[in-house]
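Q: Please give me a close look at one part of this model, starting from a single residue and working outward. Spell out the cut-offs as you go.

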Amino acid sequence: MAGLNLAKCRKIVRAAFAKGKEMGLQPLSVVVLDQGGNVLAFERQDGASVGRFQIADGKANAALMLGKPSSYAMERAASQPFAADALNGVYGGRFVPLTGGVLVKDKKGTIMGAVGVTGDTSENDALCAVAGIEAATFFAEA
């Protein structure tokens with residue numbers, strides 16, 4: 001299986017957008033990060049609101065920073081808001097504890113990177129991220 005190359009990243013973005021269209025969602029923004037948190041791809045649909053890169057990036061980074069989907073970060077932030085504030089400070093605002101940051105794994109379970117989606121409800125954002133990851137023949141942990 002090829003790594004997270006540009007062709008795979010583009011497939012993730014296109015499939016996430018297609019899932020959003022199929023579901024009738026608001027305009028989405030999608031970021032794909034490698035395992036080090038570096039941006040490999042980002043696109044926003046026409047009409048996506050301001051600040052969507054930062055939100056998508058923060059969701060994906062939250063997943064990478066904890067090694068768990070950002071839905072876990074959201075649960076933890078609800079019970080320990082001080083921990084989320086501390087992590088956000090440590091990571092310079094790139095920690096957004098909202099559902100929609102999904103880990104990208106290979107068939108062995110190795111984390112290859114993360115996808116962050118924003119624009120609709122957090123739960124719908126995560127569904128689109130999963131659709132994109134699976135379309136690129138990776139495994140999603142949402």
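A: Let's start with Asn124, which sits in helix H5 (helices are DSSP runs of H or I with at least four residues, strands are E runs of at least two, both numbered from the N terminus). A quick caveat: this is a predicted model, where local features need pLDDT of at least 70 and side-chain atom pairs pLDDT 80 or more, while totals for chains, interfaces and linings use all residues. Numbering runs from 1 along each chain as its sequence is written, and side-chain values use heavy atoms, leaving out hydrogens and water.

Asn124 counts as buried because its relative accessibility is 18% (buried is under 20% relative accessible area, exposed over 50%, partly exposed in between, with a 1.4 Å probe and protein chains only). Leaving aside residues up to four places away in sequence, Asn124 touches Met23 and Leu25, where contact means heavy atoms within 4.5 Å.

Met23 brings us to helix H1, residues 6-23. Its 18 residues should span 26 Å at 1.5 Å a residue, and the end C-alpha atoms are indeed 26 Å apart, so the two agree (the expected span is 1.5 Å times one less than the number of residues). At the start of H1, a side-chain oxygen of Asn5 comes to within 3.2 Å of the backbone nitrogen of Ala7. Just past the other end, Gly24 has a positive phi of about 70°.

What's buried in H1? That would be Lys8, Cys9, Ile12, Val13, Ala15, Ala16, Phe17 and Gly20. With 3.6 residues a turn in an α-helix, residues three or four places apart point the same way. The buried H1 residues pack against strands S1 (29-34), S2 (39-44) and S4 (111-118), plus helix H5 (122-135), so we're back at the helix that holds Asn124.

Strand S2 is worth a stop too, as Phe42 lies there. Phe42 counts as partly exposed because its relative accessibility is 29%. Skipping residues up to four places away in sequence, its contacts are Ser29, Val30, Val31 and Phe53. Phe42 and Ile133 are 91 residues apart along the chain, and their C-alpha atoms are separated by 14 Å. With Ile133 falling inside the range of H5 (122-135), that takes us back to the helix where we began.

Terms used: Polar contact = N/O pair within 3.5 Å; in protein donor to acceptor, adjacent residues only side chain to side chain.
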